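Me: I have a protein model open and would like to learn how to read it. Could you walk me through a few features?

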Amino acid sequence: MVFPGLKKWAENNSWTVGKDRIYGEYNGYYFTAFDEQNLKCFVAALPVVTDEQKRAILSDLETHKKELGIGEFSLENSLLSVRLKEVLSPVTQEKMRNYLDHITTVLKEQKVSGTGHCFNCEQEVSTEKVLLNDILTPMCDDCYSKAVDAILQAERELETEDKNYPIGFLGALAGGIVGAIPWIIVSSFGWFVGWLGFLIGKAALKGYTLCKGRLGKATPWIIAGVTVFCVLLAEFVSFSLMIYIQASQEGIPFSLDLLLLILTAEGVPGEILLNVGIGIVIALVGISPLFKGINQEVKYMVPRVEKI
Ligand SMILES: [Zn+2]
């Protein structure tokens with residue numbers, strides 16, 4: 001999310017408000033700003049920077065660090081990142097303006113190219129506003145189409161790359177079965193076990209990664225499928241075990257017929273369904289952050305580019 005300080009800056013300066021950041025132009029340069037803990041980070045995408053210009057910019061920032069309220073700064077891969085501190089008081093609109101006025105003056109003095117050059121090919125061409133990995137950059141049409149093609153290519157390669165799904169699946173199954181043991185033990189005492197579903201889900205994912213299953217689009221489905229299966233298995237085994245223990249206590253021989261008889265007795269299917277249903281829901285809720293993690297990881301394996 002974007003905090004009020006940056007939101008206000010975006011409104012006053014016609015910058016764009018994104019999901020967790022703002023971006024826009026200031027004195028001929030593109031900036032992206034976002035909140036961090038006790039800091040506001042401003043990133044300027046500089047298409048062309050020579051070593052000499054880099055030294056001059058860094059030394060100027062070192063000199064004016066205190067006066068501008070700068071915490072840390074760096075200039076790597078043509079990205080000038082400067083973090084304004086807000087330990088005791090928030091960074092005011094005035095402080096943001098002071099910094100941006102100062103840095104854009106320095107950049108102009110050093111003749112560092114801005115929005116008139118393409119961030120990718122470094123040529124002096126007409127550029128458009130392009131988000132490259134969530135950082136606003138000036139990019140020419142040619143480079144933009146090439147970047148889009150390269151990403152499609154990378155995505156295709158990622159999809160066709162061997163994910164080791166079959167072995168990962170077996171690993172998830174083994175993990176899920178191990179994770180089902182607490183369910184079986186607790187349940188055979190007749191206690192409610194639905195909440196133990198999350199253990200099954202986590203163990204299934206652990207098994208998947210231990211067997212070197214790689215993260216891909218099918219991974220969440222494999223884990224979810226194995227989890228549901230193991231919850232059902234755990235409930236079936238623990239139910240059978242419970243009947244077996246009770247039957248032997250009362251001297252009744254245990255048989256499949258007896259199991260079926262009890263399974264279909266009035267009220268029993270409903271009770272089992274409730275336990276299983278809650279178990280599955282809790283298992284899936286328990287592993288849902290992992291799903292999000294997997295999707296994010298898949299997403300971040302390829303660069304992102306978007307015209308705004
Ligand atoms: Zn270009």
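Reply: Happily! Let's start with burial: a residue is buried if 20 or more other C-beta atoms lie within 10 Å of its own, exposed if 12 or fewer, and partly exposed in between, with C-beta atoms placed from the backbone. Residues are numbered from 1 along each chain as its sequence is written. The model is predicted, so local features need pLDDT of at least 70 and side-chain atom pairs count only at pLDDT 80 or more, while totals for chains, interfaces and linings use all residues.

Me: Is Gln 93 buried or exposed?

Reply: Gln 93 is partly exposed, because 14 other C-beta atoms lie within 10 Å. You will find Gln 93 in helix H3 (helices are DSSP runs of H or I, at least four residues, and strands are runs of E, at least two, numbered from the N terminus).

Me: Which residues is Gln 93 in contact with, beyond its neighbours within four places in sequence?

Reply: Contact means C-beta atoms, placed from the backbone, within 7 Å. Here Gln 93 touches Lys 8, Trp 9 and Asn 12. The C-alpha atoms of Gln 93 and Gly 5 are 7.1 Å apart, although 88 residues separate them along the chain.

Me: How are the strands ordered in the sheet?

Reply: Two strands pair if DSSP finds at least two bridges between them. In this model six strands form an open sheet, ordered S1-S2-S3-S4-S6-S5 with antiparallel pairing. Its edge strands, S1 (16-17) and S5 (70-76), each pair on one side only. Strands S2 (residues 22-26) and S3 (residues 29-36) are joined by five bridges, and Tyr 23 has Thr 32 in S3 as its bridge partner.

How values were computed: Two residues are in contact if their C-beta atoms, placed from the backbone, lie within 7 Å.
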